[in-house]
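Open the model in your viewer and keep the selection panel at hand. The tour goes stop by stop.

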Amino acid sequence: MWGGTAKCGNCGPGYSTPLEAMKGPREEIVYLPCIYRNTGTEAPDYLATVDVDPKSPQYCQVIHRLPMPNLKDELHHSGWNTCSSCFSDSTKSRTKLVLPSLISSRIYVVDVGSEPRAPKLHKACLLPLPAQ
């Protein structure tokens with residue numbers, strides 16, 4: 001998942017089209033869900049923050065790991081609290097990353113706005129399973 005800090009002037013997050021996004025500034029960090037499923041490692045999945053700024057001394061390195069509080073979640077397909085369709089709304093910002101889990105039915109909300117290079121867990125939700 002891209003760092004998502006780019007903005008187009010005085011507008012909201014994201015861009016109106018992919019072509020406009022290509023004209024914007026390069027991302028400096030990205031967020032990657034990392035899972036341990038079928039590895040033999042008994043540890044919580046984590047969100048890795050990776051420095052992708054070629055001018056940085058930490059380029060291509062994991063600069064932060066945010067472990068989830070539970071085992072066997074299988075984090076999958078992260079997304080933002082505000083999508084690119086809000087590009088024209090300056091009151092919107094991408095401050096939260098939403099991390100759903102395939103195995104546990106948990107959803108984690110991560111605060112990436114306060115400290116983008118060292119995100120913190122904001123909230124964990126457990127979705128109820130459907131009645132059998």
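What follows is a walk through strands, aromatic pairs, a pocket and cysteines in a predicted model.

**Stop 1: strands β4, β5 and β6**

Select residues 79-80, which are strand β4, and residues 96-100, which are strand β5. The two run antiparallel and are joined by two bridges. Pick G79 and look across: V98 in β5 stands opposite.

Now add residues 106-111, strand β6. β5 and β6 also pair in the antiparallel sense, this time over five bridges. Find K96; its opposite number in β6 is D111. Then follow the hairpin between β5 and β6, where five residues separate the strands. Stop at S105, which has a positive phi near 65°.

**Stop 2: the aromatic pairs**

How many aromatic pairs does a search of the whole structure find? It finds two. Show Y31 and W80 as sticks. Their ring centres are 6.3 Å apart and their planes meet at 75°, so this pair is edge-to-face; the cut-off for that class is over 60 degrees. The pair links distant parts of the chain, with Y31 in strand β1 (residues 29-34) and W80 in strand β4, 49 residues apart. Are these two residues buried or exposed? Both Y31 and W80 are buried.

Move to Y36 and Y46. This aromatic pair is tilted, with 5.9 Å from centre to centre and 50° between the planes. Y36 sits in the loop between β1 and β2 (46-51), while Y46 belongs to strand β2, so the pair ties together parts 10 residues apart in sequence. Colour the two by accessibility. Y36 is partly exposed at 23% relative accessible area. Y46, at 13%, is buried, because the limit for buried is under 20%.

**Stop 3: the second largest pocket**

Keep Y36 selected and add R37, N38, T41 and K72. These five lie nearest the centre of the second largest pocket. Its lining has 14 residues in total. By class, five are nonpolar, four polar and five charged. Turn on a surface to view the pocket, whose volume is about 190 Å³.

**Stop 4: the cysteines**

Last, select C60 and C125. C60 counts as exposed, with 55% relative accessibility, because exposed means over 50%. C125 has a relative accessible area of 29%, so C125 is partly exposed. How many disulfides does a search of the whole structure find? The count is zero.

How values were computed: Residues are numbered from 1 along each chain as its sequence is written. This is a predicted model: local features need pLDDT of at least 70, side-chain atom pairs count only at pLDDT 80 or more; totals for chains, interfaces and linings use all residues. Side-chain values use heavy atoms; hydrogens and water are left out. A disulfide is a pair of cysteine sulfur atoms within 2.5 Å. Buried means under 20% relative accessible area, exposed over 50%, partly exposed in between (1.4 Å probe, protein chains only). On a 1 Å grid over the protein atoms alone, a cavity is a set of points where a 1.4 Å probe fits but cannot get out, and a pocket is an open set with protein on both sides within 12 Å along at least five of seven lines; lining residues have an atom within 4 Å of a point. Grid points are joined across faces, edges and corners, and a volume is the space filled by probe spheres set on the points. Ala, Val, Leu, Ile, Met, Phe, Trp, Tyr, Cys and Pro count as nonpolar, Asp, Glu, Lys and Arg as charged, and the others, Gly among them, as polar. Two strands pair if DSSP finds at least two bridges between them. Helices (H or I, at least four residues) and strands (E, at least two) are DSSP runs, numbered from the N terminus. Rings of Phe, Tyr and Trp (its six-membered ring) pair if their centres lie within 6.5 Å; planes under 30 degrees apart count as stacked, over 60 as edge-to-face and the rest as tilted.
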